[in-house]
Amino acid sequence: MAFYSRTLGLAVKFRDGDRFAALDGGGVTVALAAGGEQVAGAVTAPSYKVGDVAEAVRDLTAAGAEVVSGPETGPHEVRAVLRDPSGNVFVLYSSL
């Protein structure tokens with residue numbers, strides 16, 4: 001996290017020890033997760049905040065997305081990992 005906060009100057013919005021950090025990327029949130037917290041596996045995946053994860057999963061699977069995992073409750077959010085019709089992985093989440 002030091003690289004992003006000190007070197008790139010991104011302000012820390014939230015930090016949970018060494019597990020997770022959210023930084024202000026100027027209109028987007030840059031999330032850094034420790035290995036055990038990487039819900040999308042070893043790929044870089046965009047995350048989208050939604051009002052209701054279960055509802056968004058239903059809508060997106062009806063439009064052709066595939067559920068990789070979830071919805072499940074994490075330490076700070078409800079989240080689900082999906083794959084779009086082109087095979088790209090992305091995360092949906094909502095705060096608890």
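The following paragraphs describe a strand pairing and the aromatic ring pairs of a predicted model. Residues are numbered from 1 along each chain as its sequence is written. Local features are taken at pLDDT of at least 70 and side-chain atom pairs only at pLDDT 80 or more, while totals for chains, interfaces and linings use all residues, and side-chain values rest on heavy atoms, with hydrogens and water left out.

Strand β5, residues 66–73, runs antiparallel to strand β6, residues 77–83, and five bridges join them; strands here are DSSP runs (E, at least two residues) numbered from the N terminus, and two of them pair if DSSP finds at least two bridges between them. Among these contacts, Glu66 has Arg83 in β6 as its bridge partner, and a hairpin of three residues connects β5 to β6.

The structure also holds two aromatic pairs, a pair being rings of Phe, Tyr or Trp (its six-membered ring) with centres within 6.5 Å, stacked when the planes are under 30 degrees apart, edge-to-face when over 60 and tilted otherwise. One of them is formed by Phe14 and Phe20, whose centres are 6.3 Å apart and whose planes meet at 50 degrees, a tilted arrangement. Phe14 is partly exposed at 35% relative accessible area, and Phe20 is likewise partly exposed at 28%, where buried means under 20%, exposed over 50% and partly exposed in between (1.4 Å probe, protein chains only).

Tyr48 and Phe90 also pair, and because their planes stand at 70 degrees, with centres 6.1 Å apart, the pair is edge-to-face. This pair links distant parts of the chain, with Tyr48 in strand β4 (residues 47–49) and Phe90 in strand β7 (residues 89–95), 42 residues apart. Tyr48 is partly exposed at 45% relative accessible area, whereas Phe90 is buried at 13%.

Key
Helix = DSSP H or I, 4+ residues; strand = E, 2+ residues; numbered from the N terminus.
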